[in-house]
Number of protein chains: 2
Amino acid sequence: MSKSIFYHAGCSVCVSAEQEIVNLIGIENVEIIHIGENKSKILEAEEAGVKSVPALVTPTNNVLHINFGASIEDLKS
Amino acid sequence: MSKSIFYHAGCSVCVSAEQEIVNLIGIENVEIIHIGENKSKILEAEEAGVKSVPALVTPTNNVLHINFGASIEDLKS
């Protein structure tokens with residue numbers, strides 16, 4: 001199985017969701033990207049369909065927005 | 001690992017999320033409950049902290065609201 005990608009921005013909602021996702025699917029199955037610290041990844045996330053973080057992009061390229069931490073728009077500023 | 005519980009209401013957003021979750025964590029690790037068809041489960045979901053469906057309640061009792069299909073309130077009517 002190819003990896004899922006978990007995009008987050010370091011918020012408490014993000015950290016909590018990250019722990020749950022890692023527990024559920026295994027750290028070896030998910031790449032974790034902090035788009036607050038790595039702004040160049042914002043465009044990549046947007047192109048994948050991510051509208052808010054935390055979000056998980058699955059190996060089938062579906063986006064699961066998990067709870068709500070921050071919108072992508074807010075992270076650009 | 002104890003099972004997660006996936007609550008949904010049969011909406012297209014729910015069905016899509018269900019497929020992704022089952023693919024990611026394995027059908028053997030998740031109990032799927034359709035609270036549109038089983039209204040007695042609405043209270044159980046609410047008590048677990050579910051505010052909208054689809055949602056996944058993890059073995060550690062955290063609620064991951066995944067995308068947005070319908071609010072619990074709307075399902076009561």
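**View 1. Salt bridges and polar contacts between chain B and chain A.** Let us start with charges: in this predicted model, the rule finds zero salt bridges across the interface of chain B and chain A. Polar contacts are another matter, with a count of 10 residue pairs between chain B and chain A, both partners being at pLDDT 80 or more. On the chain B side, two elements give two or more residues each to the surface that touches chain A: α1 (12-25) and β4 (63-71). Of the elements, α1(B) gives the most, with six residues. By type, the residues on this side of chain B divide into 10 nonpolar, seven polar and one charged.

**View 2. The area buried between the two chains.** Here you can look at how much surface is covered: about 1,400 Å² is buried between chain B and chain A, and carbon and sulfur atoms give 59% of that area. Three residues to find in chain B are B:E20, B:L24 and B:L64, which lose the most area to chain A and together make up 42% of what that side buries. The contact takes 18 residues from chain B and 18 residues from chain A.

**View 3. The axis that relates chain B and chain A.** A turn of 180° with a shift of 0.0 Å along the axis lays chain B on chain A, with an RMSD of 0.0 Å. The two copies are therefore related as by a two-fold rotation axis. To find the axis in chain B, look for B:I66, whose C-alpha is the nearest, 2.4 Å from it. Both copies use the same surface, as 100% of the contact residues of chain B recur in chain A.

Key
Residues numbered from 1 in each chain as written. Chains lettered and ligands numbered in written order. Predicted model: local features only at pLDDT ≥ 70, side-chain atom pairs only at ≥ 80, totals over all residues. Heavy atoms only, no water. Contact = heavy atoms within 4.5 Å. Buried area = accessible area lost by both parts, 1.4 Å probe. Salt bridge = Lys/Arg side-chain N within 4 Å of Asp/Glu carboxyl O. Polar contact = N/O pair within 3.5 Å; in protein donor to acceptor, adjacent residues only side chain to side chain. Helix = DSSP H or I, 4+ residues; strand = E, 2+ residues; numbered from the N terminus. Nonpolar A, V, L, I, M, F, W, Y, C, P; charged D, E, K, R; others polar. Least-squares fit on C-alpha atoms with pLDDT ≥ 70 in both.
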